Amino acid sequence: MAYGPHTPADRARMLSALGVSSIDELFSDIPADLRPSALDLPPAEPELVLADRLRRLAARNRVDLASFLGAGVYRHYTPAAVDQVLLRSEWYTAYTPYQPEVSQGTLQSIYEYESLIAELTALDVVSASHYDGAAATAEAALMTCRATRRERVLISRGVHRQYRETVRTYFDGGELALDDIPLVTEGPAAGTTDLAALERLLADPSRPVAGVVVAQPNELGLLEPMAEVGRIAHAAGALFAAVVEPVSLAVLEPPGRYGADIAAGEGQSLGIAPGYGGPFLGILAATDALVRQIPGRLVGMTTDVEGRRAFVMTLRAREQDIRREKAASNICTNQALLALAASVYLATVGPHGLRDVAAMGAARAAELEAALAAVGAPRLHPGPYLNEFAVRVPDAVAVHRRLLGHGVLAGIPLAELEPGDPDLADGLLVCATEVTSSDEIGLFAWALGEELGGEERSASPTGSSPGGSR
């Protein structure tokens, strides 16, 4: 049954007024091979039969794996309060809260989120409604261009590949240039941003740089010399944008303290389930000097005519939503529900709890490193990390696939994360968080030892065959 309000007669009259015979004619400018085809759906089924079909489909999902997957999306324990608050129906609407007199709850939730992220990043201004970490990173890069009136940005190859590709997509439509900063390939700094190469890229006076974008921790889990990156960038008149992971900021120095002008990142780890890759939460923060350049929604606290506390959107023209040529970005939908999830998570765990989450993840990762090294999978890079690192595994893609048969999701093969990079072809990127157990680490080490066929293998964690209970 169709639920559209227009009858066939209504549609016929509209098409006649437009001078076309069918809706398909409205899309005639689009090449036929690019137009969507009809959905290939099976015939309708009774609800009982359909529910059984969906149950059988869901049963094909693997939910029994010991997962060591990270690479930008992380498993964390989510307090029950987060989902309970999100279930309240008054938060569901995605419409922009233009009218503060009827939107105080939504506006306050955004204000609280922005205040918490400002404290976490040690920066002055935070905006809301960014779709994910990749989009926020692209917005950060565009901010540097607007603020400096320069058209070239440098981005470290240590920034997640999908983030780099998103920034490049944003830049390809105009006259902006995006150049990669290579990583160090050997020595104690291997896997981190090449500072000598950064200085060379900044030294060309004919191609001034608007901004330098570096991640902390980087895509390989390694910790970057962020203060030094900021010093080099600022010496060349460029702005410095840090791509951060928010849980790590409980134990690592926040971007505002090492000289970053902008911080962007993925907020999924703050109480948001990994799902199937979304929906996620883009974090974007900046110094006061860039407040006029930051896109998204800024909410301020004020008083109404009767002296009562009130919240309003501020420093934002409506052109942002209704006049594309005047907008600072294409952000329009109010993506505040996931910002609310992050706020409830941070308020629930508190500053000490967040430090515990980060510290427990680091401790589990150190335990994982030792266990994997003992079965012949040493680290790929020697530098410091927090809770994610790469290990060397011959024929990593095939080993990763076989480990699924042992009940282990062994992170992600670096050959898939960074295809075409010979230095990473034999690497697995693995991660541990506070929800990773010692039993899971033992299973991973034992199964990997079995696959590598080493003489010294860890004992089976269950004393049974592969895939036994953990």
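**Pro217 and the cis bonds**

I started with Pro217, which sits in the loop between β5 (211-216) and α8 (226-235). This is a predicted model, so I am reading geometry off a prediction here. The bond I wanted was the one joining Gln216 and Pro217: I find it cis, with omega at about -10 degrees. I noted it down since most peptide bonds are trans.

I then looked up another cis peptide bond, this one between Gly278 and Pro279. Its omega comes out at about 0 degrees. Pro279 belongs to the loop between β7 (262-266) and β8 (282-286).

**Positive phi**

Next I went through backbone phi. Most residues other than glycine have a negative phi, so I wrote down two that go the other way.

Ala122 is not a glycine, yet I get a positive phi of about 60 degrees for it. I located Ala122 in the loop between α4 and β2 (125-130). Is Ala122 buried or exposed? Neither label fits: with a relative accessibility of 27%, Ala122 counts as partly exposed, because that class lies between the 20% and 50% cut-offs.

Asp395 is my other entry, with a positive phi of about 55 degrees, and again the residue is not a glycine. I found Asp395 in the loop between β11 (388-392) and α11 (396-403). Its relative accessibility is 48%, so Asp395 goes down as partly exposed too. The limit for exposed is over 50%.

**α4 against α10**

Since Ala122 had taken me to the loop after α4, I checked how that helix packs. Helix α4 covers residues 104-121, and its partner α10 covers residues 336-374. How far apart are their axes? I have 9 Å, with a packing angle of about 45 degrees. That angle makes α4 oblique to α10, because roughly parallel would need under 35 degrees and roughly perpendicular 65 to 115. For handedness, I logged the crossing of α4 past α10 as left-handed.

**A nonpolar patch**

Last, I looked at the surface. Which residues make up the nonpolar patch there? I list Leu18, Ile23, Leu26, Phe27, Ile30 and Leu34. Together they have about 590 Å² of accessible area.

I picked out Ile30 for a closer look. Ile30 lies in the loop between α1 (8-18) and α2 (47-58). I have Ile30 as partly exposed, with a relative accessible area of 35%. That figure also explains why Ile30 can be in a patch at all, because patch residues need over 30%.

Technical notes:
Residues are numbered from 1 along each chain as its sequence is written. This is a predicted model: local features need pLDDT of at least 70, side-chain atom pairs count only at pLDDT 80 or more; totals for chains, interfaces and linings use all residues. Side-chain values use heavy atoms; hydrogens and water are left out. Patches are made of residues with over 30% relative accessible area and no salt bridge: like charges are joined within 9 Å, nonpolar side chains (Val, Leu, Ile, Met, Phe, Trp, Tyr) within 5 Å. Accessible areas come from the Shrake-Rupley method with a 1.4 Å probe; for residues, only the protein chains shown count as cover. A salt bridge is a side-chain nitrogen of Lys or Arg within 4 Å of a carboxyl oxygen of Asp or Glu. Helices (H or I, at least four residues) and strands (E, at least two) are DSSP runs, numbered from the N terminus. Buried means under 20% relative accessible area, exposed over 50%, partly exposed in between (1.4 Å probe, protein chains only). Axes are lines fitted to C-alpha atoms, for helices over the stretch in contact, and angles run from 0 to 180 degrees between N-to-C directions. Angles under 35 degrees count as roughly parallel, over 145 as roughly antiparallel, 65 to 115 as roughly perpendicular and the rest as oblique. A crossing is left-handed if the near helix is turned anticlockwise from the far one by less than a right angle, and right-handed if clockwise.
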